[in-house]
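Subject: Structure for you to look at

Dear colleague,

I am handing over the structure we spoke about, and I would be glad if you read the notes below with the model open beside them.

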Amino acid sequence: MIQEAVKFAERAHRGAVRKGSRIPYITHPLEAAVIAASITDDPEVIAAAVLHDVLEDTDVTREELELHFGSRVTGLVKEESEDKTKSWIERKSATIEHLKTAPRDVKIIVLADKLSNLRCTARDYFLLGDQIWERFNEKRKELHAWYYDGVAAELKELSSYPEYKEYVRLCRLVFHSQGIFPE
């Protein structure tokens, strides 16, 4: 199932690149899957981590995803997807609110996704400093810090995992955050 998810995601994201780079987009869902696999051995959760952006960022439909991967994988992907018709702040607020009651498997996928994103952001932050925020739709660093802080707060049940600890360390590094990340 995981290999099929990789092939499916590669086709769906073909030609897409990471923001501000020429890095093929597929590297992100693959990294998210590796992170998820370090927390769980559930193949459906790992497959959903690979597929987590196909509903949100490609023309793949829920029906198509369900036909190929079943209702559980599709449901996990749907729970991790944002409504792109809403503003950045509305989407991020909805994500934080949803995480308050989201099942553990969804939280694993969210941690995998956000840690992968934060690794890229931290790498580029070392190179560009605060200029990095210009590549994003939301350009205010303090709002990104608010979002990442909020996600961390709602993922605390995963705090025993090294991946969560890495996420918090990178938040401190990138955002110099005082929020839930005291030194």
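What follows is an account of the salt bridges and of one helix pair.

Please keep in mind throughout that this is a predicted model.

Salt bridges

The count comes to 19 salt bridges, and I describe a few of them here, together with the surroundings of their partners.

One of them joins K84 and E56, whose closest N and O atoms are 3.8 Å apart. K84 sits in the loop between α5 (62-80) and α6 (88-99), while E56 belongs to helix α4 (residues 54-57), so this pair ties together parts that are 28 residues apart in sequence. The two partners differ in their exposure, since K84 is partly exposed, with a relative accessible area of 44%, whereas E56, at 17%, is buried, the limit for that term being under 20%.

Another salt bridge brings together the side chains of E154 and K100, with a distance of 3.1 Å from N to O. Here E154 is part of helix α8 (residues 141-154) and K100 lies in the loop between α6 and α7 (104-128), so the pair ties together parts that are 54 residues apart in sequence. E154 is buried, with a relative accessible area of 18%, while K100 is partly exposed, at 42%.

Helix α8 also supplies K141, which forms a salt bridge with D130, the closest N and O atoms being 3.1 Å apart. D130 is in the loop between α7 and α8, and the pair, 11 residues apart, links distant parts of the chain. D130 is partly exposed, with a relative accessible area of 47%, and K141 counts as buried at 16% relative accessibility.

Apart from these pairs, D42, E44, R72 and D105 are joined into one network by salt bridges that share partners.

The pair α7 and α9

How do α7 and helix α9 (residues 162-175) pack against each other? Their axes are 10 Å apart and meet at an angle of about 35°, and α7 passes α9 in a left-handed crossing. On the α7 side the contact includes L111, L115, L118, A122, Y125 and F126, and among the residues that they meet on the α9 side are Y164, Y167, L170, C171, L173, V174 and F175. Sorted by class, the contact of α7 with α9 has 13 nonpolar, 1 polar and 4 charged residues; T121 of α7 takes part in it, as do K114 and R119 of α7 and E163 and E166 of α9.

With best regards

Methods:
Residues are numbered from 1 along each chain as its sequence is written. This is a predicted model: local features need pLDDT of at least 70, side-chain atom pairs count only at pLDDT 80 or more; totals for chains, interfaces and linings use all residues. Side-chain values use heavy atoms; hydrogens and water are left out. A salt bridge is a side-chain nitrogen of Lys or Arg within 4 Å of a carboxyl oxygen of Asp or Glu. Helices (H or I, at least four residues) and strands (E, at least two) are DSSP runs, numbered from the N terminus. Buried means under 20% relative accessible area, exposed over 50%, partly exposed in between (1.4 Å probe, protein chains only). Axes are lines fitted to C-alpha atoms, for helices over the stretch in contact, and angles run from 0 to 180 degrees between N-to-C directions. A crossing is left-handed if the near helix is turned anticlockwise from the far one by less than a right angle, and right-handed if clockwise. Contact means heavy atoms within 4.5 Å. Ala, Val, Leu, Ile, Met, Phe, Trp, Tyr, Cys and Pro count as nonpolar, Asp, Glu, Lys and Arg as charged, and the others, Gly among them, as polar.
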